Each structure stands twice: as structure tokens, then as C-alpha cells.
Amino acid sequence: MRPLYEWITTISAWLIPFMIVFIPLYAAFKKVPVYETFIEGAKDGFGTAINIIPHLVGMMVAISMFRASGAMDMMASLIRPLFDGLGIPSEVLPLGLLRPLTGAGSLAFTTELIKTYGPDSMIGRIASTIQGSTDTTLYVLTVYFGAVGIRRSKYALKVGLFSDLVGFFAAIVICLLVFE
């Protein structure tokens, strides 16, 4: 598995610099005014930020109520025996519940896992991979759909949460395959 790890590390190291260089060059090749387009988008972003504040406040209140009520802890305690039976570190389970809800909360939880177990531990690697493989689905739906006025998001919610579930388990399986 060591060559796979080295291959992934090499690609990861070069992918972002490649994109930073490639995207503006491609835009210039297509005769897109890169700087002007960037400035126009930044101006539009301020208006969008103002429009989404009520949606963000509502979402933050709902997440706080979910965590303060003990519902998240109750869900985790129900699922924990299944994780233990499958040999999956149950320490990452709350991250799977938090990540679709809140980016800041899941990042804080990931930070605590890394402080406790270390960045090169299996738990630290799984937590980091989950952090990069899933999204804050409820945040995305609230902010983006609220910003453009979409009210019926039933299917988007189902697909988003399913994608988070797949990303969560894929992160675990890949880490166990690559790092064990």
C-alpha cells in the first residue's frame, strides 16, 4: 500500500498549484477578462451575504437546539455498537452526525480528535478525510437555496444527506485500506 500512499501524496501536492495556474490561463485563452470578472463576482457576493443572514441565523438556532437537547448524543449512543462490531473507530461517529449540520462544529470536533489521538493516528486520518469528503448539507441548502429563493428542497436534502453518508463511509474504508 505504500506506493498508493506516495502516489496520492504526490498528486495532492501538485493539484492545487496546477489549478491556480491553469484556471486563469484557460480563462485568458478563452478571452475572458479575468480580473474584471473576479471583481464583478466579488461585488455580487456582498449582496448575497446580506440576503442569507436570516437563513443562517435560523439554521444556527436549529443546530444549537439539536446539540443542546441531547439528541445528537442519543443518536450516537444508538449507532456506536454497530461501529464497534464493524471495527470502525467509534470516536469518529459524532463527526458523521455533525458534519452535515455545521462546518464550525465539525471542525472543532475534528481538532479535538487530532489533539487527543494525533494527526497520524488512524482516528486523526479518518476524521481529516471525513472533513474533506463530506459537506455541510444543511448549510448549503439553507444558504444557497435561500439566496436564490428556492423553497422546495426535498430531493436536494435527500441526495445531499445520502452523499454525506457515502462520503463518511468511503472516507473510513479508504483510510483503512491506505493507512493500515
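**Aromatic pairs, the largest pocket and annotated spans**

Trainee: How does Tyr5 count at 26% relative accessibility in this predicted model: buried, partly exposed or exposed?

Mentor: The model is predicted, and its values are computed. A residue is buried under 20% relative accessible area and exposed over 50%. The value for Tyr5 is 26%, and 26% falls between those cut-offs, so Tyr5 counts as partly exposed.

Trainee: How many aromatic pairs does a search of the whole structure find?

Mentor: Two rings pair if their centres lie within 6.5 Å. When the whole structure is searched, the number of aromatic pairs found is 6.

Trainee: What kind of aromatic pair do Tyr5 and Phe179 form?

Mentor: The ring centres of Tyr5 and Phe179 are 5.5 Å apart, and the angle between the planes is 70°. Planes over 60 degrees apart count as edge-to-face. The pair of Tyr5 and Phe179 is therefore edge-to-face.

Trainee: How many residues apart in sequence are the parts that the pair of Tyr5 and Phe179 ties together?

Mentor: Tyr5 belongs to helix H1, residues 2–29, whereas Phe179 belongs to helix H8, residues 154–179. Phe179 counts as partly exposed, at 27% relative accessibility. Because the two rings lie in these two helices, the pair ties together parts whose separation in sequence is 174 residues.

Trainee: Which of the two, Phe168 or Phe169, is buried?

Mentor: Phe168 and Phe169 form an edge-to-face aromatic pair, with 5.2 Å centre to centre and 80° between the planes. Phe169 has a relative accessible area of 32% and is partly exposed. The relative accessible area of Phe168 is 6%. Buried means under 20%, so the buried residue is Phe168.

Trainee: Which helix gives the largest share of the lining of the largest pocket?

Mentor: The largest pocket has a volume of about 340 Å³. Its lining has 19 residues, and those closest to the pocket centre are Met75, Gly96, Leu97, Pro100 and Leu165. Two or more lining residues come from each of helix H3 (71–86), helix H4 (93–98) and H8. The largest share, 5 residues, comes from H8.

Trainee: How many residues of the lining of the largest pocket are nonpolar?

Mentor: The lining of the largest pocket includes 2 polar and 2 charged residues. The number of nonpolar residues in that lining is 15.

Trainee: What is the phi of Lys31?

Mentor: Lys31 lies in the loop between H1 and helix H2 (34–68). At 72% relative accessibility, Lys31 is over the 50% cut-off and so counts as exposed. Although Lys31 is not a glycine, its phi is positive, at about 65°.

Trainee: How far apart are the end C-alpha atoms of residues 7–29?

Mentor: Residues 7–29 are among the spans covered by the UniProt annotation "transmembrane region", which comes from an unreviewed entry. The span is 100% helix and 0% strand. Its end C-alpha atoms are separated by 31 Å.

Trainee: What distance separates the end C-alpha atoms of residues 50–150?

Mentor: In an unreviewed entry, UniProt annotates residues 50–150 as "domain: Nucleoside transporter/FeoB GTPase Gate". Over these residues the chain is 79% helix and 0% strand. The distance between the end C-alpha atoms is 17 Å.

Trainee: What distance separates the C-alpha atoms of Ala62 and Leu101?

Mentor: Ala62 lies in helix H2. With a relative accessible area of 44%, Ala62 is partly exposed. Ala62 and Leu101 are 39 residues apart along the chain, and their C-alpha atoms are separated by 9.4 Å.

Note on methods. Residues numbered from 1 in each chain as written. Predicted model: local features only at pLDDT ≥ 70, side-chain atom pairs only at ≥ 80, totals over all residues. Heavy atoms only, no water. Phe/Tyr/Trp six-rings, centres within 6.5 Å; stacked < 30°, edge-to-face > 60°. Helix = DSSP H or I, 4+ residues; strand = E, 2+ residues; numbered from the N terminus. Buried < 20%, exposed > 50% of the residue type's maximum accessible area, 1.4 Å probe, protein only. UniProt positions renumbered as here; feature names shortened; annotations may be inferred. 1 Å grid on protein atoms, 1.4 Å probe; cavity = no way out; pocket = protein on both sides within 12 Å on 5 of 7 lines; lining within 4 Å. Points joined across faces, edges and corners; volume = space filled by probe spheres on them. Nonpolar A, V, L, I, M, F, W, Y, C, P; charged D, E, K, R; others polar.
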